[in-house]
Amino acid sequence: MLSRIDPRRLTAMSFDLVSVVGAWIFSFTLAWSYAVPAEAITAMLAALIVIVPVYASTFLAFGLYNGIWRYASLHDLRQIGATILIGALVSTVVLFLFTRAELLPRAALVVHPMLLVCLMIGGRIIYRWWKEQRLLSKRDAIDGIPVLIMGADEAGFRLIMQLERMPGWQVVGVLDDAPKNIGRRVLGHRILGRWDELARLVASTGARHALLAVSHADQATRRRAFDLCESAGVKLLIVPDLDDVISERVRFTTIRRVEVDDLLGRESVQLDTRGLRQLLTLKTVLVTGAGGSIGAELCRQIARFRPRQIILFELSEYALYEVVETMQREFPDQRLHPVVGDIKDASRLFDVFATYSPQVVFHAAAYKHVPLMETGNAWQAVRNNALGTLRLTEAVSRFPVEKLVFISTDKAVNPTSVMGATKRLAEILLQCWSLHNPSTEIAIVRFGNVLGSTGSVVPKFRRQIEAGGPITITHPDIKRYFMSVSEATQLVIQAALVGDSGDILVLDMGEPVRIVDLAKDMIRLSGLTESAIPIEFVGLRPGEKLFEELLANGETTRPTIHPKLRIARSGELPGPAWFVDLQRWLTESPNLLDTDVRSGLARFVPEYRPSVGGAPDNVVPLRPGAGQPTIRASA
């Protein structure tokens, strides 16, 4: 075993064995009140022939030298204590068996392990202190970026530990809102004051950055920290939540700037992992529109539950290539089947279902951009969103599919746009179809805008800021619901477990956000002033609402077992004649003009109110002249 010990381990072991000998001699002398008879000295030295090998074997058997002294922790200290206790018991038994412990004071056998614990633990603590002092002296010689830590809980403690080992950073103080902590120290760094005192402490410490280190910081906490840092003239950086570090999704040292997602962020989603394993684990799952922002994230979230295989159905070759590359990198063991196909192509869908026999289907393929689908492309929106859904149900009805999850939108509620009306049409179609196909459960999930998704205002605003402006906004009062793509997809998967077949599940979108406030946040996050980037109001686009809704007129909701999911109680569904008429309109109509499309949608979706002249009739019009001049953002 000694042949496998490297020089550093051999040095550590030598220290421990010298401590064993020294502790034994001292405890023996102490037991004899410093007047050891000559014959007792012989017994003392003879006992070492037993004690040293026993302790050496115990140290090696318990892996005492697998750790690194520089990082000695409470775990190492507990391990030392347990190892010494075992060594003391074994050596005492051996001494009594072979020598009857003659001339060995019983007090020495008790004091020896206690003294040995102090020597071995003390040696490690002193070594770690010495190494850290050397590290700090080296870092002090380098001009690191002075930084204040906002938070003195477990996240702040771990962050300071990491920063002390990272060149380029210098912790100049800690801030915490708990009055009892003011004046105390975290790893030698004093808690200087409360968060509200940030501006004063920045001036006195010279800090140029602040690091938010709060476990499970919610949106309000991040917003408050951001506003305080902006007022104090420092940049706010954040570190990951401890849950993300523990699950190895990110490293603790992944320090990044605050993003707009953080300011609009919401509480993390708690999933029913047991139920989702039953739904997805070792199942064949099909995701349509797998190359889109929602579809791609769905694939990643589904892969966490280890399905047998995932079929990625996508029309865009490049989007399919991108998502497959990402999935293979993040989930190398996951079986993937990329399929290029059009959701409107019945024969292609039948081939896919016949080949792979998917048990769970997530239908995310859709045209989603309101203005693009409103003029010149209305019939294509109907064909892709409604006919594509019809073709999918035809394929599902011929194969043993357990669950079909349809991703809808808040724009399907009291729709004023063609896109919203087509999604509402697909909702009704699926609800009617589910009545006659009880073997497949249908879940319809309705939610609002997703941050960073294709067509989202966030990447658009980012590009406009990089170009120096202006940021174009349709109306100063326009509001939208937002959630992160990760939260949206997790709730979509969770929705597959709740409710009855044909239910419309509405996600908790929180409070709507004024788009102009979002733009101002992004300007400030970019390190620019609101006077530097102009904001231009251009008027509502065709089919666009001033406020989005999550429930239609006459709809109410009832709760589910998940706090972020509610079930919408819709009105009475149309009869079989409606479904037959819809099938005929979708499959037999030639290319229709936009006006004919709107007329047809109004026939099949009673709550559809087409917009007139670009602005829907249920919104507040833009103030006269507001869309003409450039209006600069003001604080």
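This is a short guided tour of the structure in your viewer, one selection at a time. Keep in mind that the model is predicted.

**The whole protein**

Begin with everything shown as a cartoon. You are looking at 21 helices and 23 strands. The protein has 635 residues, and 49% of them count as buried. Among contacts between residues at least 6 apart in sequence, 78% join residues at least 24 apart.

**Stop 1: the largest nonpolar core**

Select Phe 353, Leu 425, Trp 585, Leu 586 and Leu 601. These residues touch the most other members of the largest nonpolar core, which holds 48 residues. Now centre the view on Leu 425. Which residues is Leu 425 in contact with, leaving aside its neighbours within four places in sequence? They are Ala 386, Trp 578, Leu 582, Trp 585, Leu 601, Phe 604 and Val 605. Another core, of 40 residues, lies apart from this one; to find it, select Ile 294, Phe 331, Val 405 and Ala 496, which are among its members.

**Stop 2: aromatic rings**

Next, show the rings. There are six aromatic pairs in the count. Take Trp 24 and Phe 28 to begin with: their ring centres are 5.8 Å apart and their planes meet at 55°, so this pair is tilted. Both residues belong to helix H1 (residues 7–31), where they sit four residues apart, about one turn of the helix. An α-helix has 3.6 residues a turn, so residues three or four places apart point the same way. Trp 24 and Phe 28 are both buried.

Move on to Trp 379 and Trp 585. Their rings form an edge-to-face pair, 5.3 Å centre to centre with 75° between the planes. Trp 379 is in helix H15 (residues 378–396) and Trp 585 is in helix H20 (residues 576–588), so the pair ties together parts that are 206 residues apart in sequence. Are these two residues buried or exposed? Trp 379 is buried, and Trp 585 is too. Add Trp 578 and Phe 604 to your selection, and you have a cluster of four names, Trp 379, Trp 578, Trp 585 and Phe 604, linked by ring pairs.

Before leaving the rings, select Arg 398 and Phe 350. The charged end of Arg 398 sits over the ring of Phe 350, 4.5 Å from its centre.

**Stop 3: a covered strand**

Select strand S18 (residues 503–507), where five of the five residues are buried. Turn on the side chains: Asp 503, Leu 505 and Leu 507 point one way, while Ile 504 and Val 506 point the other way. Then add strand S13 (residues 441–446), which runs parallel to S18 and is joined to it by four bridges. Look for Val 445, which stands opposite Leu 505 in S18.

**Stop 4: a buried lysine**

Now pick Lys 403, in strand S12 (residues 403–407). Why does Lys 403 count as buried? Its relative accessible area is 8%, and buried means under 20%. The side chains of Lys 403 and Glu 441 are joined by a polar contact of 2.6 Å. Not counting residues up to four places away in sequence, Lys 403 also touches others, including Leu 279, Gln 359, Val 360 and Ala 496.

**Stop 5: an enclosed helix**

Finish with helix H18 (residues 485–495). Nine of its eleven residues are buried, so the helix is largely enclosed by the rest of the structure. Among the buried residues to click on are Glu 487, Thr 489, Leu 491, Ile 493 and Ala 495.

Conventions: Residues numbered from 1 in each chain as written. Predicted model: local features only at pLDDT ≥ 70, side-chain atom pairs only at ≥ 80, totals over all residues. Heavy atoms only, no water. Core = buried A, V, L, I, M, F, W, Y, C linked by side-chain atoms within 4.5 Å. Buried < 20%, exposed > 50% of the residue type's maximum accessible area, 1.4 Å probe, protein only. Contact = heavy atoms within 4.5 Å. Helix = DSSP H or I, 4+ residues; strand = E, 2+ residues; numbered from the N terminus. Pairing = 2+ DSSP bridges. Polar contact = N/O pair within 3.5 Å; in protein donor to acceptor, adjacent residues only side chain to side chain. Phe/Tyr/Trp six-rings, centres within 6.5 Å; stacked < 30°, edge-to-face > 60°. Lys NZ or Arg CZ within 6 Å of the ring centre and 35° of its normal.
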